Every structure is written in C-alpha cells, then in structure tokens.
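Student: I am new to this structure and would like a close look at one part of it. Please take a single loop residue and then work outward to the parts around it.

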Amino acid sequence: MTAVTDASPRAETLRAAASTAQTPERLNLPALTLGPLTIDTPVVLAPMAGITNTAFRRLCREYGGGLYVSEMVTARALVERRPESLRIIHHDPDEVPRSVQVYSVDPVTTGQAVRMLVQEDHADHIDLNFGCPVPKVTKRGGGSALPWKSELFASIVGAAVREASKKDIPVTVKMRRGIDEDHLTYLEAGRTARSLGVAAVALHGRTMEQHYSGTADWDSIARLREALPDIPVLGNGDIWSAEDAIAMVRHTGVDGVVIGRGCQGRPWLFGDLQNAFEGSDERFRPGLAKVADTFHRHAELLVDTFGGDEGKALRDIRKHVAWYFKGYQVGGELRARLAQVPDLATLRELLDELDPNAPYPGADAEGPRGRAGSPKRPHLPEGWLDSRELNAEQKSLIQAAELDVSGG
C-alpha cells in the first residue's frame with residue numbers, strides 16, 4: 001500500500017498514472033465478504049436518492065457484478081409503512097443480495113425498522129447512512145452531522161446490529177470524514193462501528209463542509225484502512241472510471257470501492273469495473289445509438305418501477321438527460337425537448353432524431369458528472385459543536401431529522 005503521508009495531489013498523480021498506463025492492471029482483490037454474503041466483484045453502488053431505484057439498479061447489474069444498494073429510506077417511514085418507503089425497499093425477484101440503506105436519528109426507531117426488514121425478509125444486507133451532507137438534514141443533526149454525537153452514533157449502530165444479527169444479516173456503515181477539517185470523526189466512528197459488530201465501513205473522502213466540491217481525500221481512506229485491519233473498508237469519492245478505481249485501491253489498500261455520481265448516465269461503468277478487477281483492458285465506449293437505446297430502456301424500466309405510471313416515469317427520466325448525453329453531439333434544442341418529454345412514444349421520436357452513426361466522443365463523455373458546487377458552511381443545530389453529547393434541546397430537535405428521502 002502506498003504511504004499515506006502525502007497530500008491529496010499524490011492521489012491525483014496516481015489517478016493520472018493509472019489512466020495513462022499502457023498495459024491493464026489487475027486488481028487482485030479477494031471477493032468482498034460481508035457476514036454470510038460473498039460479493040465476487042468488490043464494487044458497491046452507492047445509494048442515491050431518486051437515482052438508485054430498481055430500474056437503474058437493473059441496468060447496472062446487467063453490465064457487471066457488485067452490491068447494488070437501494071435508495072436511502074428513513075427508519076420512521078419504514079415503521080409507519082409509508083407507501084413510498086415500501087416502494088424504495090422493493091427488489092426485483094432476481095436481485096440478490098437485496099441491499100437496503102436506512103437513515104435514522106433515533107436508536108429505538110432504528111431497531112424497529114431493522115426488525116421489520118429482517119423479520120419480514122425484505123433485505124439480505126443493511127447499510128446505515130451517516131454521510132448525507134444536505135443542509136435540511138444536517139441542520140437537525142442528521143446525516144454527516146450525527147457521528148459528532150458519539151454516544152448517539154453508537155446507540156444507533158448498536159441497535160441495528162442487534163436486530164439484524166438475529167437473522168445473520170450484515171450491517172455496514174457509510175460516512176464522511178467529519179463536519180469540517182477541525183471536527184473530523186471518521187477514525188473514532190470507524191472504530192466504534194467495528195466494536196459494535198458491523199461487517200464493513202465505507203468512507204467518502206470528503207467532509208460535510210466540502211459537500212461534493214474539491215477533491216476527495218484518499219489519504220484519509222488509507223488511514224481508516226490501517227486503523228481497521230480486521231474488517232473490510234471501502235473507499236468512495238472521485239471514482240469516475242475503472243482507472244480511478246485502480247488508483248484508489250493502489251493508494252489506499254481498500255477492500256473495495258463505492259461508486260456514486262460516476263455511474264450517473266453510465267450504467268456500463270460497472271462492466272468497466274468488473275473488467276478492471278479481472279485484468280481485462282476492455283472498456284465500454286458506446287456510440288450515440290447505444291446511449292439512446294439505453295436511455296429509452298431506462299425510461300421503460302422506470303414505468304415498471306412506478307407501477308405503470310408513465311407520466312411519473314418520464315418526469316423522473318428527465319434529470320438523466322445531461323448525464324447520459326454528456327459529451328455527445330446533441331443540440332441544445334433537442335436536449336431541452338428531451339428534458340420535457342411527456343411519454344414514451346414522444347421520447348422514441350426524439351431519440352430517433354439523433355445521428356445513429358455518431359461514435360463515442362472520448363474524453364468529453366468521461367470525468368465528473370453533475371455539478372460539484374463549492375464548499376458550504378455546515379448547517380448544524382445551535383451549539384452542536386459545543387459538546388460530543390446531546391443536550392435536552394438537541395434531543396428534542398433531532399427527532400425532526402427523519403425525512404422520507406434525502407441524498408447521501
């Protein structure tokens with residue numbers, strides 16, 4: 001493993017070296033073991049609200065192996081059996097293992113939600129979200145703000161592990177480095193989670209303050225890997241290609257990688273990743289016709305995901321337009337029409353206007369997806385950083401942090 005004393009530019013150098021390598025490197029990692037589960041290709045699809053539903057997961061699974069996690073669902077919504085929460089935890093019959101990510105701020109509700117998932121056989125793996133940087137969550141003490149309150153963090157993780165262990169369901173934790181550079185929590189939280197019996201820990205190499213801006217700190221991921229030698233540690237952040245995954249593994253020594261924004265509009269990235277893990281230099285470089293067909297199929301699958309509601313499905317696919325067609329020669333007027341498409345028939349007509357012979361555009365189609373934005377001042381409850389323990393007012397406030405769905 002590469003030494004971790006270098007600053008993040010070292011990670012940039014490694015990424016560049018991997019991307020320009022003349023011969024393919026083989027990621028000689030063993031299968032990822034999570035309790036009784038064996039994930040042959042140690043790649044995890046990160047939960048993304050409004051993205052990683054059954055439709056998108058199916059597209060990704062068809063290209064490569066890995067663990068495909070559902071959209072995040074709140075513990076409270078599960079306990080109350082809200083229809084949207086039940087849709088989120090639905091898996092296709094051939095989707096194995098079934099992975100669900102739960103968000104919670106309350107140990108009791110966490111235990112109740114995990115008990116439901118386990119007793120009613122909804123999941124084979126449960127992930128806990130402590131990485132959400134969205135202000136509407138963190139300003140109430142949830143998401144990436146929560147590990148700062150160490151006792152609360154331990155109570156939530158412990159409750160989940162206790163309930164899941166009754167049916168030997170592995171629990172994992174996904175988190176960020178901390179709130180900001182002065183309030184890092186990842187090492188302590190990782191050790192706490194390990195002591196409570198989690199099967200693995202995933203770290204996004206950014207703080208809450210960074211949001212999605214700047215560069216993920218792979219050195220922190222390497223430090224966590226060294227601090228937790230007896231359980232799998234997974235790395236997340238700035239993996240836009242198979243070559244980035246190779247660079248991260250080389251730099252950090254992680255047991256697997258977690259893919260978030262890098263696969264938006266590119267379900268075939270999981271095929272590239274599996275090939276990289278197997279030592280193949282084959283990469284998917286789809287022409288415009290293939291992208292258009294995949295986009296249309298994604299829309300069709302969304303109709304099924306939303307119970308036949310074609311209008312809802314087509315409203316949902318609109319946000320994927322920029323991701324799928326990044327770098328391709330698709331005029332602004334046509335992009336705008338695709339972003340307002342009302343039904344499948346119209347979508348097919350618009351896609352048929354594209355040049356079916358247009359090739360893969362190369363580097364223009366690769367790299368970061370979406371808007372990275374800029375650092376954001378942490379939105380936290382009043383006095384949150386004054387103590388690692390909750391005061392009475394904070395205990396009352398944090399209950400409001402459980403929302404139906406949020407990013408992570």
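Tutor: D238 counts as buried, because its relative accessibility is 7% and the cut-off for buried is under 20%. The model is a predicted one. D238 sits in the loop between β9 (233-236) and α10. Its backbone has a positive phi of about 65°, although D238 is not a glycine. Most residues other than glycine have a negative phi. In sequence, D238 and T215 are 23 residues apart, while in space their C-alpha atoms are 7.1 Å apart.

Another aspartate can be set beside D238. D168 also is not a glycine and has a positive phi, here of about 55°. D168 belongs to the loop between α7 (150-165) and β7. Is D168 buried or partly exposed? D168 counts as partly exposed, because its relative accessibility is 49%; D238, at 7%, counts as buried.

A further backbone feature lies in the loop between α4 (83-88) and β5 (99-103), where P97 is found. The peptide bond that runs from V96 to P97 is cis, and its omega is near 0°. Most peptide bonds are trans.

The strands next to these loops take part in a barrel. Eight strands close into it, in the order β3-β4-β5-β6-β7-β8-β9-β10, with parallel pairing. From one strand to the next, the twist averages 25°. β3 and β4 pair in the parallel sense over two bridges, and V44 has L67 of β4 as its bridge partner. Helix α8 (residues 186-195) packs on the sheet and touches β7 and β8. The direction of α8 makes about 175° with that of β7.

β7 (residues 171-176) and β8 also pair in the parallel sense, over five bridges. One of the residues involved is V173, whose bridge partner in β8 is V201. How many residues of β8 (residues 200-204) are buried? Five of the five are, so β8 is largely enclosed by the rest of the structure. In a regular strand the side chains alternate between the two faces of the sheet. In β8, A200, A202 and H204 point one way, V201 and L203 point the other way, and all are buried.

From the strands, the view can move to a helix. Helix α11 (residues 269-277) is mostly covered, with eight of its nine residues buried. The buried residues are L269, F270, G271, D272, L273, N275, A276 and F277. What do these buried residues pack against? Their partners are the strands β3 (43-45), β4 (67-74) and β10 (256-259), together with the helices α2 (54-61) and α10 (242-252). α10 is thus a partner of α11, and α10 also bounds the loop that holds D238. Just after α11 comes G279, with a positive phi of about 85°.

α2, one of the helices against which α11 packs, has a further contact, with α12. The axes of α2 and α12 come within 8 Å and cross at roughly 135°. That angle makes α2 oblique to α12. α2 passes α12 in a right-handed crossing. On the α2 side the contact is made by T54, A55, F56, R58 and L59, and on the α12 side by T294, R297, H298, L301, L302 and T305. By class, the contact of α2 with α12 has five nonpolar, four polar and two charged residues.

α12 (residues 288-305) packs in turn with α13 (residues 310-317), at an angle of about 140° and with the axes 8 Å apart. That makes α12 oblique to α13. The crossing of α12 past α13 is right-handed. α12 contributes F295, H298, A299, L302 and V303 to the contact, and α13 contributes E310, A313, D316 and I317. The residues of this contact divide into six nonpolar, one polar and two charged. H298 and L302 appear in the contact of α12 with α13, and H298 and L302 are also listed in the contact of α2 with α12.

To return to the starting point, D238 is a buried residue in the loop between β9 and α10, and β9 is one of the strands of the barrel.

Technical notes: Residues are numbered from 1 along each chain as its sequence is written. This is a predicted model: local features need pLDDT of at least 70, side-chain atom pairs count only at pLDDT 80 or more; totals for chains, interfaces and linings use all residues. Side-chain values use heavy atoms; hydrogens and water are left out. Axes are lines fitted to C-alpha atoms, for helices over the stretch in contact, and angles run from 0 to 180 degrees between N-to-C directions. Helices (H or I, at least four residues) and strands (E, at least two) are DSSP runs, numbered from the N terminus. Angles under 35 degrees count as roughly parallel, over 145 as roughly antiparallel, 65 to 115 as roughly perpendicular and the rest as oblique. A crossing is left-handed if the near helix is turned anticlockwise from the far one by less than a right angle, and right-handed if clockwise. Contact means heavy atoms within 4.5 Å. Ala, Val, Leu, Ile, Met, Phe, Trp, Tyr, Cys and Pro count as nonpolar, Asp, Glu, Lys and Arg as charged, and the others, Gly among them, as polar. Buried means under 20% relative accessible area, exposed over 50%, partly exposed in between (1.4 Å probe, protein chains only). Two strands pair if DSSP finds at least two bridges between them.
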